[in-house]
Amino acid sequence: MAVAKILLFYKFVPLADPEAVRAWQLELCSRLGLRGRVIVAPHGINATLGGDVAACKDYLKAIRRYGPLHDVDASWSDGTGLDAAGRSLDFPRLSVKTRPELVAFGVPELAVDGDGVIGGGARLTPEELDALVADREDVVLFDGRNRIEATVGRFDGAVVPEVDNTHDFIAELDSGRYDDLRSRPVVTYCTGGVRCEVLSVLMRQRGFGEVYQLDGGIARYLERFGSRSRWRGALTVFDAREVVVPAGATPIGTCHSCGAAASGLRNCREPVCRIRLVTCTQCATGKVSCTDHSQRSDQESMSEATAP
Ligand SMILES: [Zn+2]
Ligand SMILES: [Zn+2]
């Protein structure tokens, strides 16, 4: 029986010929009828794909036969459904691209070897994160996502940097705004973990002495603990669902239009405008628009293919 699934993974590993990997991925995903997004870079691969569960399994089998990806650790979530041809309803199409970086921080010189990114923060499981926060009162939870994502969901008490996309992080870290955190334990977190692989390196390079990263990201944390935890609100994702609201979660966002409590994010209706607006269920049925359309589509804002 056909069952819709969403498959997510990333892997930092040197890929000698990203263009060849791209062509292979495009052929493989097309043949299996998968939709979604795959990014291939000299430093690895990042994918979120949707389709029938059997096709997803065949895909994983195929990529694990390729040496650099033999140990890919994918996470699974339930898809919305499949169309009559068995294609995922969670993604409008398949996109497979090569990029200079897996995540667009503007640091293509990042060092990666067979074990992954070199110089990143120590990995914490969800349990270890909770234990660290319980043990040490000076722990800083540092949001590694774009600020709009944090407006609808974040860890309780988290520091939320003023960034519209991952490109902004370097200037933000170099601004001096977070210098007083450098002597404290800092845990970076993002949706599925891929952004923290890079962000934690950047922080260590800038003198943060004790940096951790939440392994598997918020997605894995919520799988373990759900909303009865240190998490508040909803989780933004990179497919048609836009956000996932954990069972029992209380919205922390405020609708841009009517001011009601809200977890939804909607794109501004102006096609070239990249602004996403916190929008309640009711206002989402009408026209969603910002005022000045200041964030244009030439800015790369979608920075993480991997999502829960
Ligand atoms: Zn509203
Ligand atoms: Zn706009």
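# Exercises on two zinc sites, two domains and four residues

The site of the zinc ion (ligand 2) is tetrahedral, with angles of 93 to 119° among its 4 donor atoms. Four donors are called tetrahedral if all angles lie between 85 and 135 degrees. The model is predicted, so that local features need pLDDT of at least 70 and side-chain atom pairs count only at pLDDT 80 or more, while totals for chains, interfaces and linings use all residues; side-chain values use heavy atoms, with hydrogens and water left out. Residues are numbered from 1 along each chain as its sequence is written, chains are lettered from A and ligands numbered from 1 in the order in which they are written.

**Exercise 1.** Identify the protein donors of the zinc ion (ligand 2) and their spacing in sequence.

Step 1. Donors are N, O and S atoms within 2.8 Å of the metal (3.2 Å for Na, K and Ca); sites may look incomplete, as water is not among the atoms.
Step 2. Cys268 (SG), Cys273 (SG), Cys290 (SG) and His293 (ND1) lie 2.2 to 2.4 Å from the ion.
Step 3. The spacing of these donor residues is C-x4-C-x16-C-x2-H.
Step 4. Cysteine 268 sits in the loop between strand S18 (264-267) and strand S19 (276-279), and cysteine 290 in the segment after S19, so this pair ties together parts 22 residues apart in sequence. Strands (E, at least two residues) and helices (H or I, at least four) are DSSP runs, numbered from the N terminus.
Step 5. Both cysteine 268 and cysteine 290 are buried, where buried means under 20% relative accessible area, exposed over 50% and partly exposed in between (1.4 Å probe, protein chains only).

**Exercise 2.** Describe the site of the zinc ion (ligand 1).

Step 1. The donors are Cys255 (SG), Cys258 (SG), Cys280 (SG) and Cys283 (SG), at 2.3 to 2.4 Å.
Step 2. The arrangement is tetrahedral because the 4 donor atoms subtend angles of 101 to 115°.
Step 3. In sequence the pattern is C-x2-C-x21-C-x2-C.
Step 4. Cysteine 255 belongs to the loop between strand S16 (253-254) and strand S17 (261-262), and cysteine 280 to the segment after S19, so the two tie together parts that are 25 residues apart in sequence.
Step 5. Cysteine 255 counts as buried because its relative accessibility is 4%, and cysteine 280 counts as buried at 9%.

**Exercise 3.** Which residues bound domain 1 and domain 2, and how do the two domains meet?

Step 1. Domain 1 covers 4-102 and domain 2 covers 116-224; such bounds come from an automatic or database domain assignment.
Step 2. Their centres, taken over C-alpha atoms, are 26 Å apart.
Step 3. In contact (heavy atoms within 4.5 Å) are 5 residues of domain 1 and 10 residues of domain 2.
Step 4. The domains bury about 580 Å² between them, 57% of it on carbon and sulfur atoms. Buried area is the accessible area (1.4 Å probe) that two parts lose on being put together, summed over both.
Step 5. Of the area that domain 1 buries against domain 2, Tyr10, Phe12 and Asp73 supply 77%, more than any other three residues.

**Exercise 4.** Place tyrosine 221 in its surroundings.

Step 1. Tyrosine 221 is in helix H7, which spans residues 217-225 and has Gly217, Ile218, Ala219, Tyr221 and Leu222 buried.
Step 2. Elements covering the buried residues of H7 include helix H3 (126-135), strand S10 (153-155) and strand S11 (185-189).
Step 3. The relative accessible area of tyrosine 221 is 0%.
Step 4. Proline 126 is 95 residues away along the chain, yet its C-alpha atom is 5.1 Å from that of tyrosine 221.
Step 5. Beyond its neighbours within four places in sequence, tyrosine 221 is in contact with residues including Pro126, Leu129, Phe155 and Trp231.
Step 6. After H7 comes glycine 226, with a positive phi near 60°.

**Exercise 5.** Is proline 100 buried or exposed, and what is in contact with proline 100?

Step 1. Proline 100 is in the loop between strand S5 (94-98) and strand S6 (112-113).
Step 2. Proline 100 counts as exposed because its relative accessibility is 59%.
Step 3. With neighbours within four places in sequence left aside, proline 100 is in contact with Ala41, Pro42 and Pro108.

**Exercise 6.** What is the sign of phi at glutamate 242, and where is this residue?

Step 1. Most residues other than glycine have a negative phi.
Step 2. Glutamate 242, although not a glycine, has a positive phi of about 65°.
Step 3. Glutamate 242 lies in the loop between S14 and strand S15 (243-244).
Step 4. Glutamate 242 is buried, at 17% relative accessible area.

How values were computed. Tetrahedral: all angles 85-135°; square planar, octahedral: opposite > 155°, others 65-115°.
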